[in-house]
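Work through the exercises below with the model open. Each task is followed by a stepwise solution.

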Amino acid sequence: MSSQLSIQGVSRVFTSPKGQATQALTPVDFEVCENDFVTILGPSGCGKSTLLRIVAGLDQPTTGQVLLDGVPVQGPGADRGMVFQSYTLFPWLNVEQNIRFGLRERGMPENEQKERSDDFIAKVGLRGFEQHFPKQLSGGMQQRTAIARALANDPKILLMDEPFGALDNQTRVLMQELLLGIWESAQKTVLFVTHDIDEAIFMANRVAVFSARPGRIKTELAVDFPHPRHYTIKTSPEFMALKAQLTEEIRAEAMATDTH
Amino acid sequence: MVQEAILLFTEFNFSHDIAMTIWRVLAGFILASLIAVPLGIAMGAHKGVEAFLEPFVSFCRYLPASAFIPLLILWAGIGELQKVLVIFIGSVFQIVLMVAVCVGAARRDLVEAAYTLGAAPSGIVKRVLIPGAAPEIAEILRLVLGWAWTYVIVAELIGSSSGIGHMITDSQALLNTGQIIFGIIVIGLIGLVSDFAFKALNRRLFAWSSL
């Protein structure tokens, strides 16, 4: 598989209004192949979300560049869909209108929009909720809509910034299975940021472990469990071994963050 | 007072005064809204426009509309235009600034989400900033409509031949306190009704925001 997303020497320094500089990212080099599912695992505040925002084009790198299919990323665009941790559905649009937002913006004909949104509403299991407004939905349903909204737009890569971080544990586990199921049936490149070790392993073909701030990629780990994956693998010895290894890595970083 | 009230309607054509006042308020208020809302949105959406207009609008906001009445009489006469302009001046700058603040306070994450869905800057304004701010803009208009009512009476107290304010000045000359009090009550009642209507309309139009 060829590299689709190429992160080359990307670093980010934030400057406070008083002129104090904070290095959020030390130069990161990273490649993501087409249709790969990569999770970025790291302690909170390590700069992993900053990296994702730079890939999305919502933030500018201080040095380096991001290439998508060889083309430098200049700003946000429909080719990089994003699902945020916070609930970002448009509260004045119902589920269906939210999913159609990007399609409408692109000027897709009405009937095609409808077809696509119906398709993705079914995929995320929201049939019967098309006319509901975001405030009438649970957190899990809102994030399902957000995933459908991002996927309906058919981006080249799906960026996910701790999308299940605000959900309760049971819902989160179900959402992981749902997303993985969608990924298994419709191949898509996914870059998924999380601080949850189970989530990082269960979802990914490859886990990139971030160091404490200033962030950099410390280790990369291939996850070779076959697809489709069943939630029972989470209790398998192989999974446990990976988890133990990653727990050690993350623990060291979390402690490093703490002492800063 | 009840007798005075009946007299007002039967003998002095008070309903005409009421209609005139309502007409003036609406004309001035709608004119101000038509100009101020788009301007406020432009200021809230574009930092450049805001930096350019803000000092001017902030300055004008503190100019009391009633202080313009003598000037407006000189420039626009004592006709309808003068009354409408008083209300216009009293409302327009308030609306611009409040709308600008509310549009500027749009949720950043929604704007970012729209960008990642491929929205262009014009799409952000049309499909994120405006719909997101719409319920609050409607509330601002409701508030300012209330203020417009106070301006119109002041405008009618001076150099006017019709309207509720004019009736009140006339009654003062005749020492008819009953009519004055009734006039004030009528203003309050109209304000109350328009406020209720506005509120109901906002709830209907923006059902999503009160879910």
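Two strands pair if DSSP finds at least two bridges between them. Helices (H or I, at least four residues) and strands (E, at least two) are DSSP runs, numbered from the N terminus. This is a predicted model: local features need pLDDT of at least 70, side-chain atom pairs count only at pLDDT 80 or more, and totals for chains, interfaces and linings use all residues. Residues are numbered from 1 along each chain as its sequence is written, while chains are lettered from A and ligands numbered from 1 in the order in which they are written.

**Exercise 1. Lay out the six-stranded sheet of chain A.**

Step 1. Read the order: β6-β7-β8-β3-β9-β10 in chain A. The sheet is open, and its pairing is mixed.

Step 2. Find the edges. They are β6 and β10 of chain A, each paired on one side only. From one strand to the next the twist averages 20 degrees.

Step 3. Check the parallel pairs. β3 (residues 37–41) of chain A pairs with β9(A) over four bridges, in the parallel sense. There, A:Val38 stands opposite A:Arg206 in β9(A). β6(A) and β7 (residues 157–161) of chain A also run parallel, joined by four bridges. A:Gly81 faces A:Leu158 of β7(A) as its opposite residue.

Step 4. Check an antiparallel pair. β9 (residues 206–210) and β10 (residues 217–222) of chain A are joined by five bridges. A:Arg206 has A:Ala222 in β10(A) as its bridge partner. The two strands make a hairpin with six residues between them.

**Exercise 2. Which residues of β6(A) point one way, and which the other?**

Step 1. Recall the rule: in a regular strand, side chains alternate between the two faces of the sheet.

Step 2. Apply it. A:Arg80 and A:Met82 point one way; A:Gly81 and A:Val83 point the other way.

Step 3. Add burial. A residue is buried if 20 or more other C-beta atoms lie within 10 Å of its own, exposed if 12 or fewer, and partly exposed in between; C-beta atoms are placed from the backbone. All four of these residues are buried.

**Exercise 3. Test the length and surroundings of helix α5 (residues 139–152) of chain A.**

Step 1. Compute the span. The expected value is 1.5 Å times one less than the number of residues. For the 14 residues of α5(A) that should be 20 Å, and the end C-alpha atoms are 20 Å apart, so the two agree.

Step 2. Count burial. In α5(A), 11 of 14 residues are buried. Among them are A:Gln142, A:Arg144, A:Ile147 and A:Leu151.

Step 3. Name the cover. It includes β6, α2 (95–99), α3, α4 (110–123), β7 and α6 (169–185) of chain A.

Step 4. Look just past the helix. A:Asp154 takes a positive phi of about 50 degrees.

**Exercise 4. Where are the edges of the four-stranded sheet of chain A, and what packs on the sheet?**

Step 1. Order the strands: β2-β1-β4-β5, in an open antiparallel sheet of chain A.

Step 2. Mark the edges. β2 (21–33) and β5 (71–72) of chain A each have a single partner strand, so one side of each has no neighbour in the sheet.

Step 3. Place the helix. α1 (residues 48–56) of chain A packs on the sheet and touches β1, β2 and β4 of chain A. Contact requires C-beta atoms, placed from the backbone, within 7 Å. The helix direction makes about 120 degrees with that of β1(A). Axes are lines fitted to C-alpha atoms, for helices over the stretch in contact; angles run from 0 to 180 degrees between N-to-C directions.

Step 4. Inspect one pair. β1 (residues 3–15) and β4 (residues 63–68) of chain A run antiparallel over five bridges. A:Leu5 stands opposite A:Leu68 in β4(A).

**Exercise 5. Describe chain B and its contact with chain A.**

Step 1. Count elements: chain B has nine helices and zero strands. Of its 211 residues, 40% are buried. Its C-alpha atoms fill a box of roughly 70 × 40 × 20 Å along the principal axes.

Step 2. Take one helix pair. The axes of α4 (residues 69–76) and α5 (residues 80–104) of chain B come within 9 Å and cross at roughly 145 degrees. Residues meeting there include B:Leu72 of α4(B) and B:Leu85 of α5(B).

Step 3. Turn to the interface. 23 residues of chain A contact 15 residues of chain B. On the chain A side, β6 (80–83) and α3 (101–105) each supply at least two residues.

Key. Contact = placed C-beta atoms within 7 Å.
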